[in-house]
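Reader: I would like to go through this model one label at a time. Please give me the value behind each word.

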Amino acid sequence: MERTLKVLIADDSEDDALLLIRELRKGGLRCEFQRVENSEDMKSSLDLESWDLIVTDHNMPSFGSAEALQIAKAVQPDTPVIVVSGAITDAVAVNSMKSGAQDYIMKDNLARLVPVVERELREVAQREARKQAELQAAYLAHHDALTNLINRDQFNNHIEDALSACRVNNSEHALIYVDLDQFKIINDTCGHVAGDELLIQIGLLIKGTLGENDAVSRMGGDEFGILLLDCRVQEAMA
């Protein structure tokens, strides 16, 4: 199902705002909108809701596109902003783009509106995809992709921190190494999907028994490491 585009329009003319929405809908874009005509209402709308697109008139009695751009970029910097004007000089257009506007459109050429909006929505989607990929890469740098437990490198960092704490305050910690016996039988008889699920469940089981500051890692294959902070050997054995 096609999602509905949420459009915030900064314009003192309700008729002009309706013309913009009609043009978007005529171009096949489903949208809902809100119109604001002063800086206070614009700030309030941006604080209350997340918008897919901001369209601002260049000249309004109470404020103009320069202030609207400043507000938009301060509150929702990733939302594309398009300036629409009945008359705008090249210098003003250039300044708008430098201030963060994605494009400007003349009111007598609204046929450009839909292609510009579609382009900006594609670019927003691409930026979001890149951001998610970067977050995923950063996550996988410290976590095991199968179990979502911290990986060997991150576990080593926890051990180094624990050793440093021992040297400073004579604290005592416990390190446990877990190696699953005969795990190969699971893979051979039930398949690797079942083996992977078993590793996930064992990881969850171990993690569920630990304290908030303890750590468990899948070290590789069917091996797990557990670090119990502020824990004596007798307590760890228990």
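Reader: At what angle do helix H2 and helix H3 pack, and how far apart are their axes?

Author: This is a predicted model. In it, H2 (residues 39-48) and H3 (residues 65-75) pack at an angle of about 20 degrees. Their axes are 10 Å apart.

Reader: Why is H2 called roughly parallel to H3?

Author: Angles under 35 degrees count as roughly parallel. The angle here is about 20 degrees. Therefore H2 is roughly parallel to H3. The crossing of the two helices is right-handed.

Reader: Which residues make the contact of H2 with H3?

Author: H2 supplies Ser 39, Met 42, Lys 43, Leu 46 and Asp 47. H3 supplies Glu 67, Ala 68, Ile 71, Ala 72 and Val 75. By class, there are 6 nonpolar, 1 polar and 3 charged residues.

Reader: What makes Glu 40 count as exposed?

Author: Glu 40 lies in helix H2. Its relative accessibility is 56%. Exposed means over 50%, so Glu 40 earns the word. From Glu 40 to Ile 71, the C-alpha distance is 9.7 Å, with their positions 31 residues apart in sequence.

Reader: How do you know that the reach of helix H5 is close to the expected one?

Author: Set one number beside the other. H5 (residues 113-140) has 28 residues. From first C-alpha to last, H5 reaches 40 Å. The expected value, at 1.5 Å a residue, is 40 Å.

Reader: Which residues of H5 are buried, and what do they pack against?

Author: The buried ones are Leu 113, Val 114, Val 116, Val 117 and Glu 120. The cut-off for that word is under 20% relative accessible area. These residues pack against strands S1 (5-10), S3 (53-57), S4 (81-85) and S5 (103-106). They also pack against helix H1 (14-26).

Reader: Why are H1 and H5 called roughly perpendicular?

Author: Their axes cross at roughly 70 degrees. The range for roughly perpendicular is 65 to 115 degrees. H1 and H5 are therefore roughly perpendicular to each other. Their axes come within 9 Å.

Reader: Which residues meet where H1 and H5 touch?

Author: On the H1 side they are Leu 20, Glu 23 and Leu 24. On the H5 side they are Leu 113, Val 114 and Val 117. The contact divides into 5 nonpolar, no polar and 1 charged.

Reader: What makes Glu 118 partly exposed?

Author: Glu 118 is found in helix H5. Its relative accessible area is 31%. Under 20% is buried and over 50% is exposed. A value of 31% falls in between, so Glu 118 is partly exposed. Glu 118 touches Gly 27 and Leu 29, not counting residues up to four places away in sequence. Glu 118 and Ala 145 are 35 Å apart, C-alpha to C-alpha, and 27 residues apart in sequence.

Reader: What is the phi of Asn 170, and where is this residue found?

Author: Phi of Asn 170 is near 55 degrees, a positive value in a residue other than glycine. Most residues other than glycine have a negative phi. Asn 170 is found in the loop between helix H6 (152-169) and strand S6 (174-179). At 71% relative accessibility, it counts as exposed.

Reader: What about the loop between S6 and helix H7: how do you know that Gln 182 and Asp 181 are exposed?

Author: The cut-off is over 50%. Gln 182 has a relative accessibility of 63%, so it counts as exposed. Asp 181 has 69%, so the word applies there too. Both belong to the loop between S6 and H7 (183-190). Phi of Gln 182 is near 55 degrees, also a positive value. Asp 181 and Pro 61 are 77 Å apart, C-alpha to C-alpha, and 120 residues apart in sequence.

Reader: Why is H7 called oblique to H8?

Author: H7 and helix H8 (residues 192-209) pack at an angle of about 140 degrees. Roughly antiparallel needs over 145, and roughly perpendicular runs from 65 to 115. About 140 degrees fits neither, so H7 is oblique to H8. Their axes are 6 Å apart.

Reader: Which residues make that contact of H7 with H8?

Author: From H7 come Phe 183, Ile 186, Asn 187 and Cys 190. From H8 come His 192, Ala 194, Gly 195, Leu 198 and Leu 199. By class, the contact has 6 nonpolar, 3 polar and no charged residues.

Definitions and conventions:
Residues are numbered from 1 along each chain as its sequence is written. This is a predicted model: local features need pLDDT of at least 70, side-chain atom pairs count only at pLDDT 80 or more; totals for chains, interfaces and linings use all residues. Side-chain values use heavy atoms; hydrogens and water are left out. Axes are lines fitted to C-alpha atoms, for helices over the stretch in contact, and angles run from 0 to 180 degrees between N-to-C directions. Helices (H or I, at least four residues) and strands (E, at least two) are DSSP runs, numbered from the N terminus. A crossing is left-handed if the near helix is turned anticlockwise from the far one by less than a right angle, and right-handed if clockwise. Contact means heavy atoms within 4.5 Å. Ala, Val, Leu, Ile, Met, Phe, Trp, Tyr, Cys and Pro count as nonpolar, Asp, Glu, Lys and Arg as charged, and the others, Gly among them, as polar. The expected span of a helix is 1.5 Å times one less than its number of residues. Buried means under 20% relative accessible area, exposed over 50%, partly exposed in between (1.4 Å probe, protein chains only).
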